[in-house]
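The following note sets out comments on the model for a colleague's consideration. The points are numbered and may be read against the coordinates.

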Amino acid sequence: YPVQKPVGKHARFVNITILASFIDEKLSMAVADSLRDVFHTEDIRLVAAAALRHSALRAIFPLEREYLMIDVAGESVVTALVRGGSLAMVEHGTAEISAKSKDQWLETLKKTFEAITKRYPLPRKIFLIAPESDRAVF
């Protein structure tokens, strides 16, 4: 069970989520500096997309603890597994998203599912995050 204030507590098992994003530090700092100049603020945090989407879904659906989050943007298909309320695994794929290329998109999605099932069972619930213009394809 999650512990809100773990400092000073004792446990036999700890589940920690570490999110990592791969971007050149100089590029990251340049983007943050540009945003600080444009918006006149110091509070700029760059966050990986899957973690950001997970945080938003967790806020909207706080009782959902097990689900797949499929994020489609352009040619990017990101499938993230949430287990016990934590982001457990993220798989990336690319596919053209259109009615003509539906088979390609399904094949990409199948590959991300297969990668996840090598380590975890798939949950029953799926949240699809896609632009309105692409939703008809699904």
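**Comments on the predicted model**

1. In this predicted model, the largest nonpolar core comprises 14 residues, and those with the most contacts inside it are Ile-70, Val-72, Val-77, Leu-81, Trp-105 and Leu-109. Strands S1 and S2 and helix H3 each contribute at least two residues to this core. The largest share, four residues, is supplied by H3. Another core, of eight residues, lies apart from it and includes Ala-50, Leu-57, Tyr-67 and Leu-87. As general background, nonpolar side chains in soluble globular proteins tend to be buried together.

2. The overall architecture may be stated briefly. The protein chain contains three helices and four strands, arranged along the sequence in the pattern α-α-β-β-β-α-β. Of the 138 residues in the protein chain, 29% are buried. The exposed surface of the chain is about 10,500 Å², of which carbon and sulfur atoms supply 55%. Where contacts join residues at least 6 apart in sequence, 49% of them link residues at least 24 apart.

3. The four strands form an open sheet with mixed pairing and the order S3-S2-S1-S4. Strands S3 (86–94) and S4 (126–129) stand at the edges with a single partner strand each, so one side of each has no neighbour in the sheet. From one strand to the next, the twist averages 15 degrees.

4. Within the sheet, S1 (residues 67–73) and S2 (residues 76–83) are paired in the antiparallel sense over seven bridges. Ile-70 is placed opposite Thr-79 in S2. Ile-70 is also among the residues with the most contacts inside the largest nonpolar core.

5. Two helices should be considered together with the sheet. Helix H2 (residues 49–60) lies across S1, S2, S3 and S4 and runs at about 125 degrees to S1. Helix H3 (residues 102–117) likewise lies across S1, S2, S3 and S4, running at about 145 degrees to S3.

6. Helix H1 (residues 25–39) has 15 residues and spans 21 Å from its first C-alpha to its last, close to the 21 Å expected at 1.5 Å a residue. His-40 follows H1 and has a positive phi, near 50 degrees.

7. Is Thr-112, a residue of helix H3, buried or exposed? Thr-112 is buried, because its relative accessible area of 2% falls under the 20% cut-off. Leaving aside neighbours within four places in sequence, Thr-112 is in contact with Thr-79, Glu-91, His-92 and Gly-93. Of these contacts, Thr-79 is the residue in S2 that stands opposite Ile-70.

8. Glu-75 offers a contrasting case. Glu-75 is located in the loop between S1 and S2 and counts as exposed, because its relative accessible area of 53% is over the 50% cut-off. Which residues does Glu-75 touch, not counting those up to four places away in sequence? They are Gly-93, Thr-94, Ala-95 and Glu-96. Glu-75 and Ala-95 are separated by 20 residues in sequence, yet their C-alpha atoms are 5.0 Å apart in space. Gly-93 thus appears in the contact lists of both Glu-75 and Thr-112.

How values were computed:
Residues numbered from 1 in each chain as written. Predicted model: local features only at pLDDT ≥ 70, side-chain atom pairs only at ≥ 80, totals over all residues. Heavy atoms only, no water. Expected span 1.5 Å × (residues − 1). Buried < 20%, exposed > 50% of the residue type's maximum accessible area, 1.4 Å probe, protein only. Contact = heavy atoms within 4.5 Å. Areas by Shrake-Rupley, 256 points an atom, 1.4 Å probe, with all protein chains shown as cover. Pairing = 2+ DSSP bridges. Axes fitted to C-alpha atoms, helices over the stretch in contact; angles between N-to-C directions. Core = buried A, V, L, I, M, F, W, Y, C linked by side-chain atoms within 4.5 Å.
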